[in-house]
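Visitor: Could you take me in for a close look at one part of this protein? I'd like to see how a single piece connects to whatever sits around it.

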Amino acid sequence: MVETTPFDAQPTLTGATVTLSPLREADWDALFAVAADPLIWEVHPAHDRWQEPVFRRFFADAMASGGCLIIRDKASGAVIGSSRYDRTRVEPGEVEIGWTFLARAYWGGTTNREIKTLMIGHALRWFDAAVFYVGASNIRSRKAMEKIGGVLLADRTIDFDMAGVATAHVVYAIRQPLA
């Protein structure tokens, strides 16, 4: 850990094609418009998150977390998704990055890598590792983690309640480079 100031869980981060900034109540309509696409959640353990009552709980949790970032297309300013930092479920020296979702138009390219690079770069100024909990059967997200350099921690798994079902999650980590 390098920084001695408190971790900023809601920074504004700007990349080549995206901007991440603190989630606000006023972002509800634009973010739900993205999340209302059932195909985004098709292979996700929380497959019902496209439904408004379910997404309202997700949004309320995101607001309460104090670590959620809204993701915008830098060129158009359009909301394209969100992601979050969290420190409640990790080991000392770690921060979780998760709850990320993107509009399908941004899948398969460089957007996810850019978002995670910005978030990881910010987090590793304070922490030794950024960790990611991924549904064990969510092959799409697992491949995305491996694509950005996530290392599977085979000895760490956890179950979370997703859509009313206990769902196994695996843990990936991206660590500080050794000095």
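Guide: Let's go in on strand 2 and its partners, then step back to the whole chain. Keep in mind that what you're looking at is a predicted model.

Strand 2 covers residues 18-22. Is it mostly covered or out in the open? Mostly covered: five of its five residues are buried. With a residue counting as buried when its relative accessible area is under 20%, that tells you how strand 2 sits in the model.

Now for the company it keeps. On one side of the story is strand 1, residues 13-14, which pairs with strand 2 in the antiparallel sense over two bridges. Want a concrete spot to click on? Find Thr-14, then look for its bridge partner in strand 2, Thr-19. The two strands make a hairpin, with three residues between them.

Strand 2 has another partner, and this one comes from further along the sequence: strand 3, residues 68-73. These two also run antiparallel, and five bridges join them. Here the pair to look up is Leu-20, whose bridge partner in strand 3 is Ile-71. So strand 2 pairs with strand 1 and with strand 3.

Let's zoom out and see where this fits. The protein chain has four helices and eight strands in total. Reading along the sequence, you get β-β-α-α-β-β-β-α-β-α-β-β. Strands 1 and 2 are the opening β-β of that pattern, and two helices follow before the next strand.

What about links between distant parts of the sequence? Among contacts between residues at least 6 apart in sequence, 63% join residues at least 24 apart. As for cover, buried residues make up 50% of the 179 residues in the chain. The accessible surface comes to about 9000 Å², and 55% of it belongs to carbon and sulfur atoms.

How does the overall size work out? A compact globule of 179 residues would have a radius of gyration near 16 Å, and this chain has 15 Å, so the two agree. Its C-alpha atoms fill a box of roughly 45 × 35 × 30 Å along the principal axes. On the charge side, there are 19 positive and 21 negative charges, and their mean positions are 4 Å apart.

One last stop, for fun: Trp-99, which lies in strand 5, residues 94-102. Trp-99 has a positive phi of about 60° even though it isn't a glycine. It is partly exposed, with a relative accessible area of 23%.

Key:
Residues are numbered from 1 along each chain as its sequence is written. This is a predicted model: local features need pLDDT of at least 70, side-chain atom pairs count only at pLDDT 80 or more; totals for chains, interfaces and linings use all residues. Side-chain values use heavy atoms; hydrogens and water are left out. The radius of gyration is taken over C-alpha atoms; the globule rule is 2.2 Å times the number of residues to the power 0.38. Buried means under 20% relative accessible area, exposed over 50%, partly exposed in between (1.4 Å probe, protein chains only). Contact means heavy atoms within 4.5 Å. Accessible areas come from the Shrake-Rupley method with a 1.4 Å probe; for residues, only the protein chains shown count as cover. Lys and Arg count as positive and Asp and Glu as negative; His and the chain ends are not counted. The place of a charge is taken as NZ of Lys, CZ of Arg, CG of Asp or CD of Glu. Two strands pair if DSSP finds at least two bridges between them.
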